[in-house]
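Please look at how aromatic rings and charged side chains are arranged in the model shown here.

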Amino acid sequence: MRVLVTGAAGFIGAAVSQRLLGRGDVVLGVDSLTDYYEPALKAGRLGRLTPSTGFEFVKADIADRSALEKLFARFAPDTVVHLAAQAGVRYSLTHPHAYGEANLTGFLNVLEACRHSNLAHLVYASSSSVYGLDSQAPFSEQERVDHPVSLYAATKKANELMAHAYSHLFRFPTTGLRFFTVYGPWGRPDMAPFLFARAILEGRPIDVFNDGNLVRDFTYVDDVVEGVIRVLDRPPETRDGDAHAPYAIFNIGNSQPTPLMDFIAALESALGRPAQKRFLPMQPGDVLMTNADTAALERWVGYRPNTPLREGVAKFAGWYRAYYGL
């Protein structure tokens with residue numbers, strides 16, 4: 001299978017690309033290599049992919065419509081895994097236009113390129129952020145998600161609506177995946193596991209928001225990759241005469257929400273050092289809790305994430321020490 005992966009130098013994109021290559025797929029990786037976080041980490045992820053004969057990388061911005069159309073025409077993908085986006089809740093407070101360009105214009109360009117291709121399936125990243133403040137735990141895909149509390153969340157909700165419109169109008173299958181706090185080796189430096197590990201090992205205090213009274217459904221990256229691959233291989237269908245679009249949304253989370261202080265304790269144990277904690281108020285755009293209901297994912301592809309937190313944190317901590325020579 002020929003798979004075009006956007007955001008291929010990103011945390012999840014690189015891991016998905018590696019898994020696809022491992023099973024024999026041909027992968028075209030696309031990434032703009034922005035400096036949102038340290039470019040060396042993105043280069044390191046790509047360095048693990050480029051030796052594979054089935055992998056090609058192209059530096060391109062999905063907001064560049066002409067460049068994206070040319071890539072689709074040349075590569076002729078069977079499927080697309082769209083993971084490129086401007087991530088981060090807090091960054092959206094200070095750099096809103098980056099989200100409009102990448103998450104709205106960029107996603108529209110991907111949808112347009114897909115609908116003009118003979119595409120079997122588009123799988124794209126949504127986010128648990130779409131659930132906002134009003135959702136009841138565990139969060140189900142059947143809930144209305146009409147009250148986002150950050151621009152980032154609003155763009156991800158918009159992506160789901162845009163995908164539904166294109167699936168309905170042009171009858172090509174799309175599946176959105178709501179990821180829940182993904183962590184693990186080669187992770188993003190702007191996320192809590194990375195920030196905490198760096199501060200702990202450097203002897204600096206970590207910032208603990210809402211005085212530590214937060215709960216997150218931490219999901220190990222390998223579990224997310226398994227979910228992405230299984231969903232990619234089973235697109236939604238529309239039967240003859242069926243009015244419903246070939247469209248689906250699934251949560252991918254560990255379904256075991258963990259208090260933030262418990263996560264910090266697991267990281268302290270894995271690193272062998274205590275954390276100095278600086279307790280701070282709740283930050284704008286944050287939510288108190290995330291908790292994935294993955295029953296729909298399990299029904300559709302027979303899979304649910306299951307890596308225990310302490311096991312995943314130990315793997316992340318081991319990678320972090322090795323990568324930075326600590």
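This report covers aromatic pairs, their burial and the charges over rings in a predicted model.

## Aromatic pairs

The structure holds 27 aromatic pairs. One of them joins F194 and F316, whose ring centres lie 6.2 Å apart with 55° between the planes, a tilted arrangement. This pair links distant parts of the chain, since F194 belongs to helix 7 (residues 192–202) and F316 to helix 11 (residues 309–324), with the two positions 122 residues apart.

F316 also pairs with Y320: the centres of these rings are 6.0 Å apart and the planes stand at 50°, so this pair is tilted as well. Here both residues lie in helix 11, four residues apart, which is about one turn of the helix.

## Burial and the wider cluster

F194 and F316 are both buried. F316 counts as buried because its relative accessibility is 2%, where the cut-off for burial is under 20%; Y320, which has a relative accessible area of 2%, is likewise buried.

Ring pairs connect these residues to others, so that W186, F194, F316, W319, Y320, Y323 and Y324 are linked into a cluster.

## Charges over rings

Y324, a member of that cluster, has the charged end of R198 sitting over its ring, at 5.4 Å from the ring centre. In another such arrangement, the charged end of R2 sits over the ring of F75, with a distance of 4.2 Å to the centre of that ring.

Technical notes
Residues numbered from 1 in each chain as written. Predicted model: local features only at pLDDT ≥ 70, side-chain atom pairs only at ≥ 80, totals over all residues. Heavy atoms only, no water. Phe/Tyr/Trp six-rings, centres within 6.5 Å; stacked < 30°, edge-to-face > 60°. Buried < 20%, exposed > 50% of the residue type's maximum accessible area, 1.4 Å probe, protein only. Lys NZ or Arg CZ within 6 Å of the ring centre and 35° of its normal.
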